[in-house]
Amino acid sequence: DKSKRQDGTWSRSDFIWDPDNDRYLCPEGKELKRTRQYHKDPRNKQPRTGRRKYRASKMVCSICPAKDKCCPKVDARSVTRERFEEVREFARQCTASEFNPKAQARRKKVEMLFAHLKRILGLGRLRLRGPCGVQDEFTLAATAQNLRKLAKLKPLIPATG
Ligand code: SF4
């Protein structure tokens, strides 16, 4: 995700998405539209899929007091919107959540188990064929892995005698 700008100017997240009117609103309250009536561009007739670009009016941006903070190098600001932006937005929220570091640690733990199955228990290649064979072999390997973990949990009993 490269939507966050590094040069101090406003990023896409500073613009408010207005789904009912298919437009963005900039921090100054002006609209960024996908098409404008006076653009007779045939590409605008394409179905609403893929990446879309929303542009502010050049006239409005040229007299905006916040232009330096928004689009200092171009005449008017534009913001792109991907096809599944809602999903991307949800993923961004998940990444920014407090739970994310914990989830990452858990993911790592699970992936380590698969790596162990593959490298140490030799499950990089299965010997049995067919869905049932694969299930049997995998279940057996996972059982062995769990037993190994259980054995490690057991406190060491000092040898007597
Ligand atoms: S420069 Fe244009 S898009 Fe940016 S804040 Fe001003 S009016 Fe809005």
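This is a short dialogue on reading the cavity, core and strands of a predicted model.

Me: What should I know before I start?
Reply: Residues are numbered from 1 along each chain as its sequence is written, and side-chain values use heavy atoms, with hydrogens and water left out. Because the model is predicted, local features need pLDDT of at least 70 and side-chain atom pairs count only at pLDDT 80 or more, while totals for chains, interfaces and linings use all residues.

Me: How do I look for empty space inside, and how many cavities of 30 Å³ or more are there?
Reply: Rolling a probe the size of a water molecule over the atoms shows where empty space is left. On a 1 Å grid over the protein atoms alone, a cavity is a set of points where a 1.4 Å probe fits but cannot get out; its volume is the space filled by probe spheres set on the points, which are joined across faces, edges and corners. Here the search finds 1 cavity of that size, holding about 100 Å³.

Me: Which residues lie nearest the centre of the largest cavity?
Reply: Those are C26, A56, C61, C64 and C70, among 14 lining residues (lining means an atom within 4 Å of a point).

Me: Where do nonpolar side chains go?
Reply: In soluble globular proteins, they tend to be buried together. The largest nonpolar core has 12 residues, including W10, C26, A56, C61 and V79; such a core joins buried (under 20% relative accessible area, 1.4 Å probe, protein chains only) Ala, Val, Leu, Ile, Met, Phe, Trp, Tyr and Cys residues through side-chain atoms within 4.5 Å.

Me: Which residues of strand 5 are buried?
Reply: Strands are DSSP E runs of at least two residues, numbered from the N terminus. In strand 5 (residues 78-81), V79 and R81 point to one face and are buried, while S78 and T80 point to the other and are not.

Technical notes: Buried means under 20% relative accessible area, exposed over 50%, partly exposed in between (1.4 Å probe, protein chains only). Helices (H or I, at least four residues) and strands (E, at least two) are DSSP runs, numbered from the N terminus. On a 1 Å grid over the protein atoms alone, a cavity is a set of points where a 1.4 Å probe fits but cannot get out, and a pocket is an open set with protein on both sides within 12 Å along at least five of seven lines; lining residues have an atom within 4 Å of a point.
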